[in-house]
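Me: Hey, can you walk me through this structure? I'd like to start with the charged pairs and then move to the core.

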Amino acid sequence: KNEFPSILTASGDIYCSGSEGCAYVGAINGRNIHCTGSQSCRSEVRKLGPLVPDNNIYCHALNGCYDAEIQIGKKALCGGRTACSYSQIKGGVGVHCDGGQSCQNAEMIRQRKFIYC
């Protein structure tokens, strides 16, 4: 039995631009992941698979990456309101929290250089 409902993988960029476009997908793997639609990459930490960009993840919409497990290669850019709230963000060079309450109650683990809020 597969633990995750599905896995979305690409060697290039992945664009989740519609409302809930990639929400609750088991795991998303790509060069860069763009979560620009409302709740487009919303997930459930420890229940669904991680969002794993080789480089960057762009969470630029309301609840874009809300409650997601994110394992970043370089940067997580959380520009939407509550975009990365309640998420678990692991690794990478750093995290930008530029939106209103964009990283509220987020857990950040092992960023190598910076966290900007």
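Reply: Sure, here come the salt bridges and then the nonpolar core. This is a predicted model, where local features need pLDDT of at least 70, side-chain atom pairs count only at pLDDT 80 or more, and totals for chains, interfaces and linings use all residues. Residues are numbered from 1 along each chain as its sequence is written, and side-chain values use heavy atoms, with hydrogens and water left out.

Me: How many salt bridges are there?

Reply: The count is two, taking a salt bridge as a side-chain nitrogen of Lys or Arg within 4 Å of a carboxyl oxygen of Asp or Glu.

Me: What does D13 pair with?

Reply: D13 pairs with R31, at 2.9 Å from N to O. D13 is in the loop between β1 (7-9) and β2 (14-16), while R31 is in the loop between β3 (27-30) and β4 (33-35), 18 residues apart. Strands here are DSSP runs of E, at least two residues, numbered from the N terminus.

Me: And the one with E69?

Reply: E69 meets K90 at 3.4 Å, N to O. E69 sits in strand β7 (residues 69-71) and K90 in strand β9 (residues 88-90), so the bridge ties together parts 21 residues apart in sequence.

Me: Is E69 buried or exposed?

Reply: Buried, at 12% relative accessible area; the cut-offs are under 20% for buried, over 50% for exposed and partly exposed in between (1.4 Å probe, protein chains only). K90 is partly exposed at 21%.

Me: OK, new topic: what does I28 touch?

Reply: Leaving aside neighbours within four places in sequence, I28 has contacts including L8, C41 and L51, where contact means heavy atoms within 4.5 Å.

Technical notes. Helix = DSSP H or I, 4+ residues; strand = E, 2+ residues; numbered from the N terminus.
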